[in-house]
Amino acid sequence: MGGSAAVPPRGAAGSASVGPATPGRPGRASVPVSPAPGVAAGRAGAGRASVPVSPAPGAPAGRATVGAASVGAASAGRASVGSASVGGRAAVARASVSPVSGGPGGPGGPGGPNGPGRGGRGGRGPGDPGAAAKAKKRKRMNLLIAGFAVFIMLAGVGVVGFTYYSTNVVMPDEMPLPLSTTVYAKDGKTQLAKLGSENRSFVTIDQIPEYVQHAVAAAEDRNFYRHSGVDYKGIVRAAWNNVSGGDKQGASTITQQYARNAFENLQDDTYGRKVKEAILASKLNEKYDKPQIMQHYLNVIYFGRGAYGIEAAAQTYFGKPASKLTVAEGAVLAAVIKQPVASETHKGFDPAVNPTDAKSRWDYVIAGMKKEGWLDAPGQQAAPVEYPKVLPPKKDGVGFGVDSPRGNVINYVRQEMDAMGLCSDSGAEGKTSCVDALRDGGYRITTTIDPKLQAAAENTAMQSKKGSELNDQPKNLMAAVVSIDPKKGRVLAYYGGDSGADFDYAGKNTDKNGDLTGGHQPGSSMKVYTLAAAIEAGISVKSHWDPTPYKPEGSKVAIGNAGRTNLKCGKWCTLEESTIQSYNVPFYWVTKEVGAEKVVDMARKAGVTTMWGVDPPQAFDLSKKGPNPFDNYTGFGKYPITVFDHANAMATFANDGKYIKAHFVIKVEQQDKDTGKWKVVGSERIKPEQRIDKKITDEVTGVLKQIPAPNKLSLEDGRQAAAKTGTWEYDNKDNAHAWTVGYTPQNATAVWVGSRDPKKPQIRLASGKAIGGSTLPGPIWEKYMNTALKGQEEIPLPSVTGEGDATKGNGEEPAVTPPVIPGLPGGPGGPGGQPPCDPLTNPFCPRTDGNGGNPGGPGNGGNGGNGGGLLPGLAPTNRD
């Protein structure tokens, strides 16, 4: 109705009648209110109505002002007038006017309580009070709904606008991507491992072949090069499919997919997210060209198997960089993007998991490339016809990637990060697990490992390496090598097995019961600590000891010297010679003299942290005081220790008695989430601690430097080195453990050889010869040390001084026999004597040069590799 506001009909008591807009007053309508008949016209306090009213001809739409009327003596109430949207009708509320008797709507009047007719809109007579109340409630509800709808519409427009103008577009080079943790060697370049569920390496578009880019577009967004970031036709198509009951579709372009992956708040699957995603895609399209957007997309998208980004995917699926991918290989990776991992409803498109669907999806990609003119067209590659060979997933999935000889290094890295307070390796409450931290923290860790020496350790000790000492030996044999820089405590090389996910033969392990395992009986290599304990107790290495086989009380068999008898030194062997010749019995007596606890404590001070009992095989933490089962057999190596601890202890002797805890981490860096820059969050702490007097370590070194040459373990160019071999028997025929440990001032290295097969613990060479300390561990140690020390300064080692009490010991000095003079009584040719014996004419003349014994048999001197412990209860047998 042009120019009028719809109001209740005239004549209804208390109703405001809105007339036509007055010409000449644009936008304002004067609304008179009719009084009840017979009542003086007055003014009712009526409210103002925000009513868009159609203007009079030539006047713009404005607001209707509702007047007021005074009805008799009654005080008219204010009209509660609501507002309406443009083009609507003014909902003008009833004016509360007291009814007048006899008047329309009043008592007795037409429409009044006692009069004819029904009450009008303003009447509240007893005619129909329920209907009036319902109408009033209905009006109020309509007003609320209308107001809320307007608010939502305005708010929606505001959110969209705010999102567009306030959101900063973030690109991969500006934001801290969830990179995988990378572990490097000490050079900061050589990669030891890449850890974590997000394996990502950033590459630029020029490193991604164009046909790989086209393959991705063919798979995910064939209109990529034509639309402006959002495919509106695709959105309409997807929307229709969704509302018509079809499968829910996303219609996301490559640009939108990048936005979703780049911004955390776009991960949910809602239509509200779609709106924001489209806005960000439009902004991306305005700021970057298509190649740049493709580059960013290919660096963040997930390809399965823990690989994020095209570079990691190329390495994971094909073992090559993205720049070397073929058309067929690029199409495989493009096909995987749709669903890289299996779900409850689909197996995904990983060729190793779902080869049928993977091939079908690959065909779809190739067909799309051909349709778009990206294959089989002038200047383009030919379409491949054969599906390429894809690498199988690694057996450790997307875990730490420790299925390599260097994997054990990662296990130590975790422990050291725990010590730095960066995470918890023991599951402490309230702290991030170190496993999770390495997978999701995006750390960059520089270790102490020297890549050249790590390779040398593996090449000499790893059975699968051609040219290694174990390469052509029985398959049950296993070696472990640990090498340490004595001056800094840095682990330079660590080989404890072929996989960090398996048993570590160089360190500690936890069995299924939660008990520590991993130690090996050190045999005669333990004598280094026994010798040092004796010197600390004031005993000179020139003291004499009886090596005669001895059976301790309660033992079933005697302790021997690995079957050697008729020793050159008889019962008068110096501690120095007993060490070089590796006689066992003297070290039993030395241990009894100083106390087994002193030997154990010397090992502890040097760096041995754990020793195991043998019955039961229980681990003992040497840092804790308390009773332990270590008796006098400790002196010659009955109780197991780890290769790692042994190497750390040798480093202490090489460092003049100053202990530095061996460690694997130089520094740990992490990306700042705000700036994207790397910052150091943890680093090594080198704290030398003088635990053993330098005079003691010098004297020990002076003895040990005499061992390599007689055992054919001399280093190149005559370089001096301290070393000790050791062997422990399995039974009276075979050995179970063999060692060579040693050092120079620049390097300390421990080598162990044993069996990896618990069903075949005996260790023998392929020739059938029993393995001893100088047989197999010795050559490994020698070859490795020559590599490690090449080009380094030759530093002379100290010599023996003999300081201390030389009268200590239980040796029996041989009786001094007076010289026999020919011609004198009892002498050759003399009265009662024997005729002189000429060795030139009589081959049976007794020898007087001291070289008794059969060649190669018992009695030969200089065999420093001999010895090794003898299991109590086993008969003594010859070793080495």
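**Close-up views of a predicted model**

**View 1. Two arginines lie over aromatic rings.** Arginine 361 lies over the face of phenylalanine 349, and the distance to the ring centre is 5.9 Å. The second case involves arginine 222, whose charged end sits over the ring of tyrosine 364. Here the distance to the ring centre is 4.2 Å. Both pairs come from a predicted model.

**View 2. Confidence across the protein chain.** The mean pLDDT is 77. A value of 70 or more is reached by 66% of the residues. Residues 172-177 stay under 50. The model still gives this stretch 16 contacts beyond four places in sequence. Residues 264-270 are also below 50 in pLDDT, with 11 contacts beyond near neighbours in sequence.

**View 3. An edge-to-face tyrosine pair links a helix and a strand.** The whole structure holds 21 aromatic pairs. In one of them, tyrosine 412 and tyrosine 494 have ring centres 5.1 Å apart. Their planes meet at 65°, over the 60 degrees that counts as edge-to-face. Tyrosine 412 belongs to helix H10 (residues 407-419), and tyrosine 494 to strand E12 (residues 490-495). The pair therefore ties together parts 82 residues apart in sequence. Both tyrosine 412 and tyrosine 494 are buried.

**View 4. Further aromatic groupings.** Phenylalanine 630 and tyrosine 639 form an edge-to-face pair. Their centres are 5.1 Å apart, with 65° between the planes. Phenylalanine 630 is buried, as is tyrosine 639. One aromatic cluster is made up of Tyr550, Tyr588, Trp589, Tyr633, Phe636 and Trp728.

**View 5. An open antiparallel sheet of five strands.** The strand order is E12-E11-E25-E24-E23. E12 and strand E23 (722-729) are the edges, each pairing on one side only. Neighbouring strands are turned by 10° against each other on average, direction ignored. Strand E24 (residues 735-744) and strand E25 (residues 747-755) run antiparallel and are joined by seven bridges. Valine 741 has alanine 750 in E25 as its bridge partner. Helix H12 (residues 451-461) packs on this sheet. H12 touches strand E11 (477-485), E12 and E25, and its direction makes about 30° with that of E12.

**View 6. Lysine 724 in an edge strand.** This lysine is placed in strand E23. Is lysine 724 buried or exposed? Lysine 724 is buried, because its relative accessible area is 1%, and buried means under 20%. Glutamine 706 is 18 residues away along the chain, and its C-alpha atom is 9.6 Å from that of lysine 724.

**View 7. Helix H2 is mostly covered.** H2 spans residues 210-220. Of its 11 residues, 10 are buried. Among them are Tyr211, Gln213, His214 and Glu220. The buried residues also include Val212 and Val216.

**View 8. An open mixed sheet of five strands.** The order is E7-E6-E10-E20-E21. Strand E7 (191-195) and strand E21 (678-683) form the edges; each pairs on one side only. From one strand to the next, the twist averages 20°. Strand E6 (residues 181-184) runs parallel to strand E10 (residues 443-447), and three bridges join the two. Tyrosine 184 stands opposite threonine 446 in E10. Helix H10 lies across E6, E7, E10 and strand E20 (665-671). H10 runs at about 110° to E10. This is the helix that holds tyrosine 412 of the pair in View 3.

Definitions and conventions: Residues are numbered from 1 along each chain as its sequence is written. This is a predicted model: local features need pLDDT of at least 70, side-chain atom pairs count only at pLDDT 80 or more; totals for chains, interfaces and linings use all residues. Side-chain values use heavy atoms; hydrogens and water are left out. pLDDT is the predictor's confidence in each residue, from 0 to 100. Contact means heavy atoms within 4.5 Å. Rings of Phe, Tyr and Trp (its six-membered ring) pair if their centres lie within 6.5 Å; planes under 30 degrees apart count as stacked, over 60 as edge-to-face and the rest as tilted. Helices (H or I, at least four residues) and strands (E, at least two) are DSSP runs, numbered from the N terminus. Buried means under 20% relative accessible area, exposed over 50%, partly exposed in between (1.4 Å probe, protein chains only). A charge sits over a ring if NZ of Lys or CZ of Arg is within 6 Å of the ring centre and within 35 degrees of the ring normal. Two strands pair if DSSP finds at least two bridges between them. Axes are lines fitted to C-alpha atoms, for helices over the stretch in contact, and angles run from 0 to 180 degrees between N-to-C directions.
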